[in-house]
Amino acid sequence: MKNNIYTEILLHESSEIIAIAEKVFRFERITPEEGLILFQKAELSLLGILANFVRETKHGDKTYFNRNFHIEPTNICIYNCKFCSYVRKINTEGAWEFSKEDILEKVKQYIGQPVTEVHIVGGVHPNRDLHYYGDILSEIKKILPNIHIKAFTAVELEFMIKKSKYSIEEGLKRLKEYGLDSIPGGGAEIFHPDIRSQVCDEKSSSENWLLIHETAHKVGLPSNATILYGHIENYSHRIDHLKKLRELQDKTGGFNTFIPLKFRKENNRLSHIEETSSVEDLKNYAVSRIFLDNFPHIKAYWPSIGKDIAQLSLSFGVDDIDGTIDDSTKIYSMAGAEDKNPKMTTEDLVLLIKEAKRVAVERDTVYNTVKIYN
Ligand code: SF4
């Protein structure tokens, strides 16, 4: 029956699309050229079937989430990325920096709560080095000894490690000793130099982003990866980005999750660009799932995309919708995301997943199962 439906849908596609679809069903890796054809020519319905095939082969109906909260230590940043709505310069209106004490007070609110992860990212503060942040990590572990600390984009890491005069490997090892458990995927933006040079020319190069993640994997720190899509890039730039990530994952196997991040246009220097449609967002999840055959998970970060599209994405290759968040991040609400106070209870997340006819699985950061909600 299922095969008949696939055959019926494929009848409406061109021979080149059918050849790609057959490769996916045979578990063969598609080439960058084929990925580009999927972006350019495939119907969303077919992309959904292919991405769902990959997703269900890897995870069945399981859909992951976790109990987490964010800390954004500062929005002061030495860089000035054009798409960023969050950044402020030091001593200017709207700039903030939480003190160590402020941060630790926030952490203490979670004593006795069943959270498993704290996610820490922020601006690149000119005066803060590795030891400043390392001290915070070790104090967090004293307050919540079992919490997993996923902290600092490669861009923040590059700056703080250099400021403390370590090599990348030494710096990452030192942070691990302080309590760092893994690295989030931020700062990747878009790797292609033609686009990166236009939207974030000052900050870490794509080569350095990839090197920092490669080194993290080498020293035993798993990580995630992102793409910022929907601004001035085209499909070939997105495929270039996915190709570089797939190659690194072949080498290290250290990535857990790929997280497409939608460009939001409020309060930044690319506000004249229209945001992508929901169809485009779903297409992006689907092609990512099909192309990144060696990434275990694809995540829809619901504060960036909204709860409804996150729910729909579960039929377009996504198997993870991030976590409870607990109204602890401002990055996307400052950029115009619908949810100004992003927060979901465990019950909300489980309901969202169950409504999509999937099985909700609470996980820890590295995808150990905490609880299955049947
Ligand atoms: S995106 Fe990150 S690095 Fe770029 S300006 Fe904003 S906070 Fe700074």
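In this predicted model, the sulfur of Cys200 has its closest cysteine sulfur in Cys81, at a distance of 5.0 Å. That separation is too far for a bond, because a disulfide requires two cysteine sulfur atoms within 2.5 Å. The structure as a whole holds zero disulfides. Cys200 is nevertheless a buried residue, with a relative accessibility of 3%. Another cysteine, Cys77, is also buried, and its relative accessible area is 13%.

From the cysteines the account turns to the sheets. Strands of a sheet pair through backbone hydrogen bonds, and the pairing may be parallel or antiparallel. One open sheet consists of three strands in the order 2-3-4, with parallel pairing. Its edges are formed by strand 2, residues 68-71, and strand 4, residues 148-151, each of which pairs on one side only. From one strand to the next, the twist averages 20 degrees.

Within this sheet, four bridges join strand 2 to strand 3, which covers residues 117-120, and the two pair in the parallel sense. Individual partners can be located along this pairing: Phe69 has Val118 in strand 3 as its bridge partner, while Ile71 stands opposite Ile120 of strand 3. In a regular strand, the side chains alternate between the two faces of the sheet. Strand 3 may be read in this light: Glu117 and His119 point one way, Val118 and Ile120 point the other way, and all of them are buried.

Helix 6 packs on the same sheet, where it touches strand 2, strand 3 and strand 4. The direction of helix 6 makes about 155 degrees with that of strand 4. Helix 6, residues 130-143, also packs with helix 5, residues 100-108. The angle between these two helices is about 25 degrees, and their axes lie 10 Å apart. Helix 5 is therefore roughly parallel to helix 6, and their crossing is right-handed. On the side of helix 5, the residues that meet helix 6 are Lys100, Ile103, Leu104, Val107 and Lys108. Their counterparts in helix 6 include Tyr132, Asp135, Ile136 and Glu139.

A further open sheet of three strands has the order 5-6-7, and its pairing is parallel. Strand 5, residues 223-229, and strand 7, residues 297-298, stand at the edges of this sheet. Each has a single partner strand, so one side of each is left without a neighbour in the sheet. Strand 5 runs parallel to strand 6, residues 255-262, and six bridges join the two. One of the pairs involved places Tyr229 with Lys262, its bridge partner in strand 6. Helix 11, residues 235-252, lies across strand 5 and strand 6, and runs at about 170 degrees to strand 5.

The last stop is a residue outside these strands and helices. Lys330 is located in the loop between strand 8, residues 320-323, and helix 15, residues 346-355. With a relative accessible area of 32%, Lys330 is partly exposed, a class that lies between the buried limit of under 20% and the exposed limit of over 50%. Apart from neighbours within four places in sequence, the contacts of Lys330 are Glu72, Trp96, Lys340 and Asn341. Between the C-alpha atoms of Lys330 and Ala42 there is a separation of 36 Å, and these residues are 288 residues apart along the chain.

Notes. Residues are numbered from 1 along each chain as its sequence is written. This is a predicted model: local features need pLDDT of at least 70, side-chain atom pairs count only at pLDDT 80 or more; totals for chains, interfaces and linings use all residues. Side-chain values use heavy atoms; hydrogens and water are left out. Buried means under 20% relative accessible area, exposed over 50%, partly exposed in between (1.4 Å probe, protein chains only). Two strands pair if DSSP finds at least two bridges between them. Contact means heavy atoms within 4.5 Å. Axes are lines fitted to C-alpha atoms, for helices over the stretch in contact, and angles run from 0 to 180 degrees between N-to-C directions. Angles under 35 degrees count as roughly parallel, over 145 as roughly antiparallel, 65 to 115 as roughly perpendicular and the rest as oblique. A crossing is left-handed if the near helix is turned anticlockwise from the far one by less than a right angle, and right-handed if clockwise.
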